[in-house]
Amino acid sequence: MHIQQITMLGHKDHGKSTLIGSLLMSTGSATDERIADAKSTSKKLGRQFEPAFILDAFSEEREGGLTIDTARAQIKYRGKAFELIDVPGHDELIKNMLSGASYATTAVLVVSAAKDEGIKPQTKRHLFLAKMLGIRHFVVAVNKMDTVGYSQNDYEMIKNDIAAYLDGIGVHSQSVNFVPISAYKSENIISKSGNMHWYRGKPLMELLLTCHTKNFTGKMPLRAIIQGTLETESGMAYTAKVLSGTIEAGSSIRILPLNKKATVKRLYVKGREARSAKAEENIAINVSQDMGNMRGAVISSTNMTKSANAISTMLFFVKPVGGSAELRFNGNSTKAKISLDKVIDTVTGKPKNTQKPKALDAAECIIRLEKKVAVEEFSSFRDLGRFVVYSSGKFAGIGVVEKVLG
Amino acid sequence: MELIYMIEQNLDELEEKSIYIMREAKERFGNMAALWSMGKDSTVMLALARKAFMGKVPFPVIHIDNGIDFPETYEFREKLAKKWKLDLIVQNSDIKPEISGYACCGANKTVALKKIMRERGFDALIVSIRRDEHGIRGKERYISPRTKDFKWKYKNQPAELWNDYSSKQGNGGHIRVHPLLDWNEIDIWNYIKREKIPINSLYFARDGTRYRSLGCTHCTVPIKSNADSIDKIISELRSTKVEERSGRQQDKETAYIMEKLRALGYM
């Protein structure tokens, strides 16, 4: 059965883990044992029951009342399956947030309406990052409504502020659903709350059902990434993962960035010889000529895929990077020179009046690569339009290709 | 309300994810081995490796043998090692009768694993853990570094996104590879059925009990069950409300035991 992956987003303490705990319990997806464990730990720590402990399993997470690292849990609702991805809401744990959220196609932004909480830096920064990660569907859950007397006015204020930010970063807010909830009291989660009659929309789970979609990579042109090599009975073969379209034995293929042509002599899927392979399958191919190490090279039948060493990009810095960095595209690493064009404050979504990005800033940059790579614009094909940034061997951020320059 | 805590995922999707991770690890690490407990998960992992690598398992498989596994387990080991032409390494661990549970798994098994990893200079180790087994295992990465002392620095795990699994071991440490992280218990059984994978007979019910999760004879307790076939196990799991590792003593002694065990290098 197809599983839709949904990431939580939002500032620390606004209730992301609690919402997942609540969804697990109200859909009958948590075992008695895990609920009992969360209950007894809450009691030991002298607290009221924390549904968040169902996912926050580390001692430091439970005792400290925070999510340190990402975790996942699956639920089934009305015949559809979802995987809920929890992420930390602390700015210093953003690499863990990215590691979790990057798998999702849908995001639920959790923002607390409680006094002194409201819209905080990670509320907006997480939206910015979700847009960059290519997340397509957004739902905004305004949480802790029970602590503000279910005030419609408080809800509307948060809603308007978030909607304006979404429009500012290019996510059409009219297509985003907003829902007032209490994760702790399970209000507007599965069924409509009796305390918020002014809310005309659907409860959260109903909204998530409408985001349940499949992607259609099958009918697109062939794209496959070469992973490495292995030995077959007919000699050395390249291993590759098909990203879109189909590949056939006997067919002629074009390999980028070298722009070489070759014929697929033999094709193997799951260890057996096959006539063709489709998107998502891992293959091994014997080709008409040995081209040496091709890790990270791309087999493509569309001229949308280009060999390039100059790209216009959006970068997000977990750590600020100077003029040079190492970029990793699907296992292929290359040195890069970065020229900053515009530094962007990810909390306001607006340009900053500086040329020096700080940690957690984004920037529009022109990047020159030391060697050519096979790329596409992120908007045309995501897997080939994104990369991870390393600096001095350490993870420094992520980037997406906005335009291939040449 | 109907309780469904075990979702049956698409086996083709899971299979492809696992093959990708194993090929990635094989590409990156020069001297990789895998742990094989003769349990269902690590046996499925070997079946997946055969698909990923043209019908043969291209790395040594290690059994950390404390000498107190079930006779059926040893028998299954010999049979499958021969059938699948496995490069089997049996590493004995000293079993001390006075210690059990946490101390036993933490000390004996981990010590023996450290010994063989050092002797053979393995830089990566495939471990067939699944996210749904335990809250702590749910926090793992696909490719995860361990220090020289086998410690898991879980408070500062590397970023892992967009097909970038570039964690390095460094300083005498090694990498844990987790190709089965996405699988659920019921997926393992659906896959065993679909692929007709040979399986340890202890999983099937005899006289009203069966083992749902296998460890050594000292710390593993069977569950009440009449499921004496794969189909019956699958239908039993479809309606169970009990955790898989409820028969494993070492998980329960004190709070955060799995966290402690894993931080020390346990599987």
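This passage looks at two chains, the contacts between them and two of their helices. The model is a predicted one: local features need pLDDT of at least 70, side-chain atom pairs count only at pLDDT 80 or more, and totals for chains, interfaces and linings use all residues. Residues are numbered from 1 along each chain as its sequence is written, while chains are lettered from A and ligands numbered from 1 in the order in which they are written.

Chain B has 7 helices and 8 strands (DSSP runs numbered from the N terminus, H or I of at least four residues for helices and E of at least two for strands). Of its 267 residues, 51% are buried, meaning that 20 or more other C-beta atoms, placed from the backbone, lie within 10 Å of the residue's own. Helix α1 of chain B, residues 11-28, has its end C-alpha atoms 26 Å apart, in agreement with the 26 Å expected for 18 residues at 1.5 Å a residue (1.5 Å times one less than the number of residues). Since 14 of those 18 residues are buried, α1(B) is largely enclosed by the rest of the structure.

Between the chains, 44 residues of chain A are in contact with 43 residues of chain B (C-beta atoms, placed from the backbone, within 7 Å). Elements of chain A that each supply at least two residues to this side include α2 (32-44), β7 (223-232) and α4 (94-101).

That last helix, α4(A), has 8 of its 8 residues buried, so it too is largely enclosed by the rest of the structure. Its buried residues, among them A:I94, A:M97 and A:L98, are covered by elements including β1 (3-9) and α5 (121-133) of chain A.

Methods: Buried ≥ 20, exposed ≤ 12 C-beta atoms within 10 Å, placed from the backbone. Contact = placed C-beta atoms within 7 Å.
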